[in-house]
Amino acid sequence: MLKEVEHDPKKCTQHIMAVHDAMYILNGRWKISIIASLCFNTLRFTDLLREVEGISGKMLSRELKNLEENQLVTRTVLNTQPITVEYQLTEYGHTLKEVIDSLAKWGHNHRKKITGKE
């Protein structure tokens, strides 16, 4: 028998608002993929272009700037010839790793359910 859960409208509204806030920051087609790529390594701009399939240089630049403004990514310009720029997740950005891992697990399970393949 299912246990009835008490509904608290205030908690529900706060929960939905928190999800809305997260989705506002992580919205779009590319941000999650960029963050997922940076979970494992510091990457150069061109490495990110290769890693995030289908993104244009202009869009990657825009998304990285937005992630930097939201303190999820840091941009480091190295004193090399030619100049090298590297991107990495901030400590705060790394707090999204659990979210990314959960999304990856769900995506894997969904693909398996729908296609019957791993």
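Q: In this predicted model, which helices each supply at least two residues of the lining of the largest pocket?
A: The lining of the largest pocket includes Ile32 and Ser33, along with Ile100 and Asp101. Residues 31-38 belong to helix 2, and residues 97-115 to helix 5. The helices asked for are helix 2 and helix 5.

Q: Which helix gives the largest share of the lining of the largest pocket?
A: Among the lining residues are Ile32, Ser33, Ala36 and Ser37. Helix 2 spans 31-38. The largest share, four residues, comes from helix 2.

Q: How many charged residues are in the lining of the largest pocket?
A: The pocket has a volume of about 170 Å³. Five of its lining residues are nonpolar and two are polar. Asp101 is in the lining, and Asp counts as charged. The number of charged residues is one.

Q: Which strands stand at the edges of the sheet?
A: Three strands form an open sheet, paired antiparallel, in the order 1-3-2. Each edge strand has a single partner, so one side of it is left without a neighbour in the sheet. The edge strands are strand 1 (43-44) and strand 2 (73-78).

Q: What angle does the direction of helix 2 make with that of strand 3?
A: Helix 2 packs on the sheet and touches strand 1, strand 2 and strand 3. Its direction makes an angle with that of strand 3 of about 95°.

Q: Which residue in strand 3 stands opposite Thr74?
A: Strand 2 and strand 3 (residues 84-89) run antiparallel, joined by six bridges. Thr74 has its opposite residue in strand 3. That residue is Gln88.

Key: Residues are numbered from 1 along each chain as its sequence is written. This is a predicted model: local features need pLDDT of at least 70, side-chain atom pairs count only at pLDDT 80 or more; totals for chains, interfaces and linings use all residues. Side-chain values use heavy atoms; hydrogens and water are left out. On a 1 Å grid over the protein atoms alone, a cavity is a set of points where a 1.4 Å probe fits but cannot get out, and a pocket is an open set with protein on both sides within 12 Å along at least five of seven lines; lining residues have an atom within 4 Å of a point. Grid points are joined across faces, edges and corners, and a volume is the space filled by probe spheres set on the points. Two strands pair if DSSP finds at least two bridges between them. Contact means heavy atoms within 4.5 Å. Axes are lines fitted to C-alpha atoms, for helices over the stretch in contact, and angles run from 0 to 180 degrees between N-to-C directions.
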